[in-house]
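Student: Could you zoom in on one part of this model and go through it closely with me? I'd like to see how it connects to whatever surrounds it.

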Amino acid sequence: MMALLRSKKTMFVLVGLAIVGLVVSAAVGLFNAIGTAPIAAPPQEQNPRDGGRGAAPPPDAPPDVEVLGQAPAGLSYASDPEADVYCEGTECVRLVMVMTADGELPEDSRESVETVVEHLAERGWEEQRPQGAPAGQSFLSNGDYMVADTSSHDDPESPAMLMLGEAGGDATS
């Protein structure tokens with residue numbers, strides 16, 4: 001028996017059987033996954049006769065950068081009207097980059113965001129604590145809109161970034 005296991009021919013046969021077994025097992029798993037994949041319902045078109053109840057309402061437009069008002073001295077806000085908008089369901093948010101007045105990335109993103117937070121707080125925006133929000137993350141609201149610090153301050157190449165959205169009445173506690 002040991003002589004058979006030492007034979008190269010036997011090893012090639014065993015390796016071949018193992019590979020064939022893996023391929024067959026993967027194929028069976030793939031066919032099972034395809035066979036049990038949920039079938040998505042086709043999107044329903046709005047029917048004017050039923051008052052448009054057949055489709056989900058379109059997402060609300062995200063707030064404009066002007067909601068933040070004038071940027072603090074030495075800083076400015078930048079947001080692409082289309083590329084910096086993210087929607088989920090009927091809610092949309094806008095990403096706003098904090099830049100220097102010259103349009104450059106600031107040296108310290110944390111300091112830039114803190115300056116904006118202080119600036120907005122002086123103009124009536126209040127600090128909020130949404131349910132499930134990470135500790136230490138800045139959230140401000142003026143009642144109608146909410147701003148959150150979404151910067152990656154540990155990465156020196158990361159810009160100072162704010163997320164601007166509608167303030168939900170049930171989002172804060």
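Tutor: Two strands count as paired when DSSP finds at least two bridges between them; the strands (E, at least two residues) and helices (H or I, at least four) are themselves DSSP runs, numbered from the N terminus. Residues are numbered from 1 along each chain as its sequence is written, and the model is predicted, so local features need pLDDT of at least 70 and side-chain atom pairs 80 or more, while totals for chains, interfaces and linings use all residues. Side-chain values rest on heavy atoms, without hydrogens or water.

Let's settle on strand E3, which runs over residues 91-100. Seven of its 10 residues are buried, so E3 is mostly covered (buried is under 20% relative accessible area, exposed over 50%, partly exposed in between, with a 1.4 Å probe and protein chains only).

Start with the strand that leads into E3. E2, residues 85-88, pairs with E3 in the antiparallel sense over four bridges. The two make a hairpin with two residues between them, and Gly89 in that turn has a positive phi of about 70 degrees. As a landmark on this pairing, Tyr86 has Val93 of E3 as its bridge partner.

The hairpin strands are also linked through their side chains. Cys87 is joined to Cys92 by a disulfide, S to S 1.9 Å (the rule is a pair of cysteine sulfur atoms within 2.5 Å), and the count by that rule is one. With 105 degrees about the S-S bond, the link between Cys87 and Cys92 is right-handed. The two ends sit in different surroundings: Cys87 is partly exposed at 46% relative accessible area, whereas Cys92 is buried at 5%.

Next comes E1, residues 75-78, which pairs with E3 in the antiparallel sense over four bridges. Here Leu75 has Thr100 of E3 as its bridge partner. The side chains of E1 alternate: Leu75 and Tyr77 are buried and point to one face, while Ser76 and Ala78 point to the other and are not buried.

A third partner is E7, residues 160-166. E3 and E7 are antiparallel as well, over six bridges, and in this pairing Leu95 stands opposite Met163.

Val65 is a handy residue for tying these strands together. You'll find Val65 in the loop between helix H2 (8-36) and E1, where its 17% relative accessibility makes it buried. Leaving out residues up to four places away in sequence, Val65 touches Tyr77, Ser79, Arg94, Val96 and Leu164 (touching means heavy atoms within 4.5 Å). Tyr77 lies 12 residues from Val65 along the chain, yet their C-alpha atoms are separated by 7.3 Å.

Finally, look at what E3 helps to cover. Together with E1, strand E5 (139-141), strand E6 (145-149) and E7, E3 is among the elements over the buried residues of H3. Those buried residues are Ser109, Ser112, Val113, Val116, His119 and Leu120. They span an arc of only 120 degrees around the axis, which puts them on the same side of H3 (the arc is taken from the directions from the helix axis to the C-beta atoms). Turn H3 around and Glu111, Glu118 and Glu122 are exposed on the other side. After H3 comes Gly124, with a positive phi near 100 degrees.
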